[in-house]
Amino acid sequence: MRAQIIRGYGGPQAFEPVELPDPSAGPGELLVRVAVAAVNPLDWKIRSGALQAMLPTAFPAVLGNEIAGVVESLGAGVTAFAVGDRVVGFTTSGAYGELVVTSADRLTAIPDTLSFEQAATIPTAAETAQRALALIDVRAGERVLVNAAAGSVGSAVVQLLVAADVIVLGAASEANHSYVQSLGATPVRYGEHLITDLAAVAPQGIDAAFDAGGRGFVDQVLLLLPADRIVTIVDFAAAAKGVQVAGGDPFALTAATIAPVLALAAEGRFTTEAAAVLPIDRIAEAHRMSEAGHLRGKILLRVSPRTLWEPVRIGGMQMPYRVALAPMTRSRALADGTPGPLAAEYYAQRAGLGLLITEGTQPSDDGQGYLMTPGIYRPEHVAGWRTVVDAVHARGGHLVIQLMHVGRMSHPDNTSHHRRPIAPSAIAPGVDMFTATGAQPVPVPREMTTDDIAKTIADFRHAARSAVEAGADAVELHAANGYLLHQFLSSNANRRTDPYGGSVEARSRFVVEVATAVADEIGPERVGIRISPGLAIGGVDEGDDVRQQYAHLVRALAPLGLAYLHTFQLFDEELLADLRRAWPGSLLVLRAGRTLETLDQDVIAGLADAVPLGRWALANPDIVERLRAGAPLSDADPTTFYGGGAHGYTDYGRLAA
């Protein structure tokens, strides 16, 4: 068994890859095949000696102590578990090995709604939070300040307080404010701005404070509170000032300790975050991330490879698997943009994928480019999509409506108002468009004014609200494939000289403003965005600054806390790795030329959290069952992709029972 052995203190150099004999379970023990192990960044600082002198008690989070995995075998006398159970808990092992031995009272079953990654972020953080809260009697309606509210322990404290109807103020870096707000707390800034922000949002004062981050926090709040109303889990020297310290013995933890929090998580009332999920051989990178600070949640080290058939949480949606339906234009809507009569059946047939991203749906009259594509901006559109959503929900799926404004990729004959299309600049794409009278050249578009830009952003906002009114779980902003948002990003389609064109920063502005507006309207957890770096289509050619363009765009979008980033991957593997590192949330990767044999490669490598499926899912409504059974797939009929009726739409067969 390949393992990483902890040898002393001091960061990644303390971890040495070794080969060990496979362990075996003794009486009362269990052998668990580990999927992930959680890392508390603070623990590395302690192990390096930075806080060692300040520890009068054992620190509660011990590196390598948390595990999430599957029971491999049972020792004598173990009756609480069966081989194959998904479990989460603790171990006293000093190694990150794929196999670990632990005891029955240290493990509890993982609820089916939680992934391994989610489960691995809970145990020690939740136990530490519970222990800290037990030191102060906090009542409903009181105002409590939590330091490092986006971290693993801090976010647990926040959520347990919110569940008890406490008014929570969360101190965090500005990049994590949207996350803190999503937990139910009012965000405030760290450091020198803390007192000023508190005066603004809580002029009545605060009733208690919990410190999970240090950085001089205790000394600041001692100006506002008596010492016995402050609890710290990091500033152990503060005990001399009368501040309460939540210490404890990590090896005294049992599964019962975290059972209440796991139950809340299973009900969707306690969320968990991972700052990053890295393969075991990238432990040095994990250490660098922990040293940099300002992390949201824990760093997880993936010991066993991921599989497509593990659950995953994307935004507010809990998925049974790491596959999804890719958005595909089908051109079967009614003339007024209402989804066609067969749309509910088409999407419901594929609900087994869990996450369904719809065909491109225009947010306005100006957004339409093709014949018979649906819209989501009129009451009849909302009613039509509600029928689709209800059918998908009835079969356990989630529906994400893709908002697609085509920009210049249109023709007056295809729209209800028959106006010229609009675009960032008056530059024709140089391609033909199919119309009712045949193929015609796409005309030169009208360059958008700043008023047009403001109206289009408002159209996206309205369409997103309409999607939610229809019951959709989320929307996806289409910033790819040569359409309007992609046109703004492209130097050859965007020749503007105002704040929306020129530099990579300026060309990103419109996309970021659309995403910000939509996230503000319906909540960031309900917003995904699709990109296609380097894809030359519809006359778009991004030139030589693709990496710079998307590095900036993703950095600008990251603080919004969107549900996911969906990228169409061509050939630049370095860029994909950069996106994975820069994007803090879920990443969906649709890879050109992917084969069935390589379908899970990006998930196993940690590059993707889920993989959308296109033509395979189109032609195989039971794609999940076929893939899991290794059954052959039906071929798609390209002649029926666009327009028509049931043939090639809802009449693809399923496996015989």
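## Helix packing and two buried side chains

Helix α14 (residues 504-522) packs against α15 at an angle of about 35 degrees, and their axes are 9 Å apart. This is a predicted model, in which local features need pLDDT of at least 70, side-chain atom pairs count only at pLDDT 80 or more, and totals for chains, interfaces and linings use all residues. Residues are numbered from 1 along each chain as its sequence is written, and side-chain values use heavy atoms, with hydrogens and water left out.

**Reading the terms**

- Helices (H or I, at least four residues) and strands (E, at least two) are DSSP runs, numbered from the N terminus.
- Axes are lines fitted to C-alpha atoms, for helices over the stretch in contact, and angles run from 0 to 180 degrees between N-to-C directions.

**Where α14 meets α15**

- The α14 and α15 pair has a right-handed crossing (the near helix is turned clockwise from the far one by less than a right angle).
- From α14, the residues V504, E505, R507, S508, V511, V512 and A515 are in contact (heavy atoms within 4.5 Å) with Q548, Q549, H552, L553, A556 and L557 of α15.
- Seven nonpolar, four polar and two charged residues make up this contact of α14 with α15.

**A closer look at S508**

- S508 sits in helix α14, and with a relative accessible area of 1% it is buried (under 20%, using a 1.4 Å probe and protein chains only).
- The side chains of S508 and Q549 are joined by a polar contact of 2.7 Å (a pair of N or O atoms within 3.5 Å, one able to donate a hydrogen and the other to accept it).
- Beyond its neighbours within four places in sequence, S508 touches L489, Q549, H552 and L553.

**Where α15 meets α16**

- Helix α15 (residues 546-557) and helix α16 (residues 573-582) have axes that come within 10 Å and cross at roughly 15 degrees.
- The two helices, α15 and α16, are therefore roughly parallel to each other (an angle under 35 degrees).
- The α15 and α16 crossing is right-handed.
- V546, R547, Y550 and V554 of α15 meet E574, L575, L579 and A582 of α16.
- The contact of α15 with α16 has six nonpolar, no polar and two charged residues.

**N414 in a loop**

- You can find N414 in the loop between β21 (398-403) and β22 (422-423).
- N414 counts as buried, at 4% relative accessibility.
- A polar atom of the N414 side chain lies 3.0 Å from the backbone oxygen of F434.
- Leaving aside neighbours within four places in sequence, the contacts of N414 include Q368, Y370, M433 and F434.

Methods
Parallel < 35°, antiparallel > 145°, perpendicular 65-115°, else oblique. Nonpolar A, V, L, I, M, F, W, Y, C, P; charged D, E, K, R; others polar. Buried < 20%, exposed > 50% of the residue type's maximum accessible area, 1.4 Å probe, protein only.
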